[in-house]
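Open the model in your viewer and keep the selection tool ready. The stops below follow one another, each with something to select.

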Amino acid sequence: MKVAVVGSSHGGFETVRGVLHDFPNAEIDWYEKGDFVSFLSCGIELYLQNVVKDVNSVSYATIDGMEAKGVHVHINSEVASINPAEHSIKVVDVNNGQTTESKYDKLVLSVGAVPFELPVPGKELGNIYAMRGRDWAILLKQAEVNPDIKNVTVIGSGYIGIEAAESFAKAGKKVTIIDQNPTILGTYLDPEFTDILTTELVDNGLSVKNDQSVKEFIGNDKGMVSGVITTTGETIPTDLVIEAAGIRPATEWLKDTVKLDNHGLIVTDEYQETSQPDIFAVGDATEIEFAPTGTKKLIALAPNARKQGRSAAYNLMEKRRKTTAVSGSSALHVYSYKFASTGLKDVTAKQMNLDVASVYITDTKVPPFVPAEDNAKVYFKLTYDPRTREVMGAQIMSKMDVTANINAISLAIQQHMTIDDLAYADFFFQPGFDRPWSVMNIAAQKAQDQLAK
Ligand code: FAD
């Protein structure tokens, strides 16, 4: 069997790994249009903050390592079109424009997404950057150490925007964050958490501007951005813009080949097969089943791309296992706070018109008798369906690392557990680690009381 895999980030890498495991005799062609394989954008923040020194180490695979496993790795190779009837692809060498044709028996697309560019006047000015992929990582690093760049405006306050903002602020830049939503991190947290995190950013010298967007980028006589005019009419002096205002799937070239939805996402079945037999798709260019609702949506996270890649490889010859539904769990730090969330929040449930209930508690990580230097306040919110009592989501935050609780809640969501299951679920206790009743038990017990009233 000849398998072609397009894209070398999380989804493509996992697919190749899966094919090597499940079909050791398959011939694998792995195509990447960039000049590097398996760059992991999730490592950019660590690179910008000097935790990781070498940009090339932010990867799971090397060309030599994969070729040693028998994979034919093709970098600088853009797959430009597919002929499903012939089972062939056209591949363009991005360095010289030469086109070659290659056959496949099975084709897996993990073409991912590209940063959304704001369609506003001045968008063509210099020093308007994005944060995705190795090329941008290198440019961002150069900007970070460039003394001429003093004022940085970050557009969008999802986790990518917050990572960019914190990195540049720590590098001594004056950072402004703009977001059209009423709070930062609106997909991940409710206001009980984002109010505290906004204060944390402001206390560290950042400026946060919610409920507004960008009207225009203005430039200087060198064609570089020099300011951002917001929709409230304010002009923010700016030497560098980092756009983190969402992504769009890199699927324009596929619109006449496989079925795309209204957002350009590739439509697949639960086995990752597209509308064309023998063509599979995974990762940020596709949707995945969201466990709390059982519906499909785009949740652009690495573990999702990995699960789908594993699933595509396993199902290449025969539909054997559906891709697991996910809860959409993620974690991040904002200066001294570490938070994680999963499933539905009040804010996202409202956007989806879903009727949920929540309980919010604060506690200490370990018993109150443990001194402050080994203890910290914990903020926790549990969201559930008041009719079925099923656990729907949770958010946690502390100055100590309590984020692992969210993985337990993710499991509870996947297993359709109720607040009654969670209220008395068995968790460990040791005063150096946790409380006799975990914060998850306490919140679920409070939810039971809330429903009993
Ligand atoms: P992508 O990562 O988008 O990669 C697609 C690849 O395909 C690219 O290398 C591209 O060059 C190549 N390609 C595209 N079209 C073609 C073509 N026609 N021919 C050949 N090659 C092609 N997720 C988490 O879970 N945790 C995190 O902490 C986290 N941090 C992140 C931080 C940042 C800054 C960013 C940008 C993302 C982060 N993510 C994180 C999200 C995660 O990186 C993505 O969900 C994941 O990379 C998706 O993988 P993918 O394979 O679908 O696509």
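Which residues in α7 are buried (under 20% relative accessible area, 1.4 Å probe, protein chains only)? Select Asn304, Ala305, Arg306, Gln308, Gly309, Ser311, Ala312 and Ala313, which are the buried ones in α7. This is a predicted model, in which local features need pLDDT of at least 70 and side-chain atom pairs count only at pLDDT 80 or more, while totals for chains, interfaces and linings use all residues. Residues are numbered from 1 along each chain as its sequence is written, and side-chain values use heavy atoms, with hydrogens and water left out.

Now select the whole of helix α7, residues 302-314. Helices here are DSSP runs of H or I with at least four residues, strands are runs of E with at least two, and both are numbered from the N terminus. From first C-alpha to last, the 13 residues of α7 reach 18 Å, close to the 18 Å expected at 1.5 Å a residue, where the expected span is 1.5 Å times one less than the number of residues.

Next, add α1 (10-22), β7 (106-109), β18 (279-281) and β19 (288-290), which are among the elements covering the buried residues of α7.

Move on to the ligand. Its shell has 31 residues (a heavy atom within 4 Å), and the closest are Ser9, Glu32, Ser110, Arg132 and Asp284. At least two shell residues come from each of α1, β4 (77-83), α5 (159-170) and α7.

Finally, select Ser9, where a side-chain N or O atom is 2.8 Å from an oxygen atom of the ligand. At Gly11, a backbone N or O atom lies 2.9 Å from a ligand oxygen atom; at Ala302, a backbone N or O atom lies 2.8 Å from one.

Definitions and conventions
Buried means under 20% relative accessible area, exposed over 50%, partly exposed in between (1.4 Å probe, protein chains only). Contact means heavy atoms within 4.5 Å. A polar contact is a pair of N or O atoms within 3.5 Å; within protein, one must be able to donate a hydrogen and the other to accept it, and residues adjacent in sequence count only if both atoms are side-chain atoms.
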